[in-house]
Amino acid sequence: MSSNDNKNINNSTDRRGFLKMASAISLGSLGLGYCSTKENDLEQKPMTKQPATGSEEPGASRIISYRRLGRTGLRVSDISFGAGGLTNYRVALRAIQLGINYFDTAPDYVGGRSEKVLGQAIKASGVPRSRLVIATKFCYETGYPGHMYNESKETYMKAVNDCLKRLQTNYIDFVFVHALGEKDSGSPETYRLKDQNMLAAFRELKSQGKVRHLAVSCHNYTAAMKGGIDYAINSGNFDLIMLAYNFRGGSPDKQTLESVVNMSKKAYRKGVAFVAMKTLNGARGLDSEELKGKGTFAQAAFKWVLSNPAVGCLVVTMRNMSQIEEYVKASGQKFTYNDYQLLKQASLESKECQIGCTDCEKNCPKGVKIADILRYNIYFNYYDQEKYAMQKYSFLPASMRANNCDGCESPCQSSCAYGVNIKEQLAEAHANLSFA
Ligand code: SF4
Ligand code: SF4
């Protein structure tokens, strides 16, 4: 969504705005024609058989909608589990018990611990492996980002074999070329996707029954990355793409909502599954207390994402039991006018810097990297990536760091249309991110 789109949300007070927003992602307006062949029948229907957990509690909220992941034919919970900060197996176990069956992890999440803990939870659940879908990445077992790049076939294969051990499983459903555009800057965006060693490793692992599908994710779906994702969709090698997609615009770096929706439509037509991540942009960190007794910001944001029929599922980081309980309530629910109002309120209340915006930087006489610093602070506060965020901050030239704001009268402030208290947030970021 562009900044104009955000302003539309902020300014609209009537149902017309809601209808416009809702219809923008409707099947008809996307021109998504269903194909009649079985392979391409992507219509979202509930699973006939839901994952048996053996511990359903009468009346407990649980997943009620399972969607098809494109041509893979796999059906997964519409609300799925992001294991980015997973350190307690009981959290993942609870997710399984409530019917979540798609788990997104990686070797570089908590230095390999996320995979180990997920494997522990799966074992403890007693749910057959075949009822669960596990996605992990071609990564090193280091702190984020450990994305593999330019390696030998043997090294890629070893990485996946190590994942299998940590996860205590004998196969992985999806292995990702992760975070396209990161750690490969300067290379063509398709470079990592065309890596012959990676592709050969995948083929061999697949022939051994150790992996099933190749996937690609992109956190910064910029204009520069569009070609890479287009290539992934058209190449036939990738069965799933995962991009940022949310009610505030979806994707960083001034990408419009329209371009992400168009990408989801393309993927849908090709039978390539589209998984949405970063679905809480703008609602993150806001009070999740039930508002008006009709749901929370997070639930409204999820329902908005899932109202796009091209979305296979959304992945959201779940940190504790109460978050899981809150999130699963959005499963299978329609996006309503009340949800629209909640999102509008979130847009108004959120004082979070908008990823992709750099509008205020032109008014900073000192050249402070405002947008980058506030983004690193989001990593620090919300993604359990303290070390990574601090490291990124330390790489900024001293002249561009937030301590340069001391004594400044904040001419940057007047150019922020989102109400971010720039100087105050930069001061907080500096305190969080400085090693001193
Ligand atoms: S407060 Fe900081 S970021 Fe804003 S104009 Fe002054 S030096 Fe630049
Ligand atoms: S502080 Fe405001 S103007 Fe500056 S980058 Fe963030 S959202 Fe944009």
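**Close-up views of a predicted model**

**View 1. Strand β5 and its partner β4.** Welcome to a mostly covered strand: β5, residues 133-137, has 5 of its 5 residues buried. Keep in mind as you look around that this is a predicted model. In a regular strand, side chains alternate between the two faces of the sheet. Here V133, A135 and K137 point one way from β5, while I134 and T136 point the other way. Whichever way they point, all of these residues are buried, K137 included. Next to this strand you will find β4, residues 102-104, which runs parallel to β5 and is joined to it by 3 bridges. To get your bearings, look for Y102, which stands opposite V133 in β5.

**View 2. S114 in helix α5.** This view settles on a single residue, S114, which is part of helix α5. Is S114 buried or exposed? S114 counts as buried because its relative accessible area is 0%, and the cut-off for buried is under 20%. Setting aside neighbours within four places in sequence, the residues in contact with S114 are A83, L86, T105 and Y109.

**View 3. Helix α5 meets helix α6.** Two packed helices are described by the angle between their axes and the distance between those axes. For α5 (residues 113-125) and α6 (residues 153-167), the axes come within 7 Å and cross at roughly 45°. The crossing angle is why α5 is called oblique to α6. On the α5 side, look for E115, K116, L118 and G119, which meet C163, R166 and L167 of α6. Sorted by class, this contact of α5 with α6 holds 3 nonpolar, 1 polar and 3 charged residues.

**View 4. Helix α14 packs against helix α15.** Now move along to α14 (residues 386-395) and α15 (residues 422-433), which pack at an angle of about 105° with their axes 9 Å apart. Because of that angle, α14 is roughly perpendicular to α15. From α14 come A389, M390 and Y393, and from α15 come H430, N432 and L433, to make the contact. By class, there are 4 nonpolar and 2 polar residues in the contact of α14 with α15, and no charged ones.

**View 5. The shell around ligand 1.** Which residues are found around ligand 1? They are C364, P365, K366, V368, I370, N404, C405, C408, S410, P411, C412 and L426. This shell around ligand 1 divides into 9 nonpolar, 2 polar and 1 charged residues.

How values were computed:
Residues numbered from 1 in each chain as written. Chains lettered and ligands numbered in written order. Predicted model: local features only at pLDDT ≥ 70, side-chain atom pairs only at ≥ 80, totals over all residues. Heavy atoms only, no water. Near = heavy atom within 4 Å. Nonpolar A, V, L, I, M, F, W, Y, C, P; charged D, E, K, R; others polar. Axes fitted to C-alpha atoms, helices over the stretch in contact; angles between N-to-C directions. Helix = DSSP H or I, 4+ residues; strand = E, 2+ residues; numbered from the N terminus. Parallel < 35°, antiparallel > 145°, perpendicular 65-115°, else oblique. Contact = heavy atoms within 4.5 Å. Buried < 20%, exposed > 50% of the residue type's maximum accessible area, 1.4 Å probe, protein only. Pairing = 2+ DSSP bridges.
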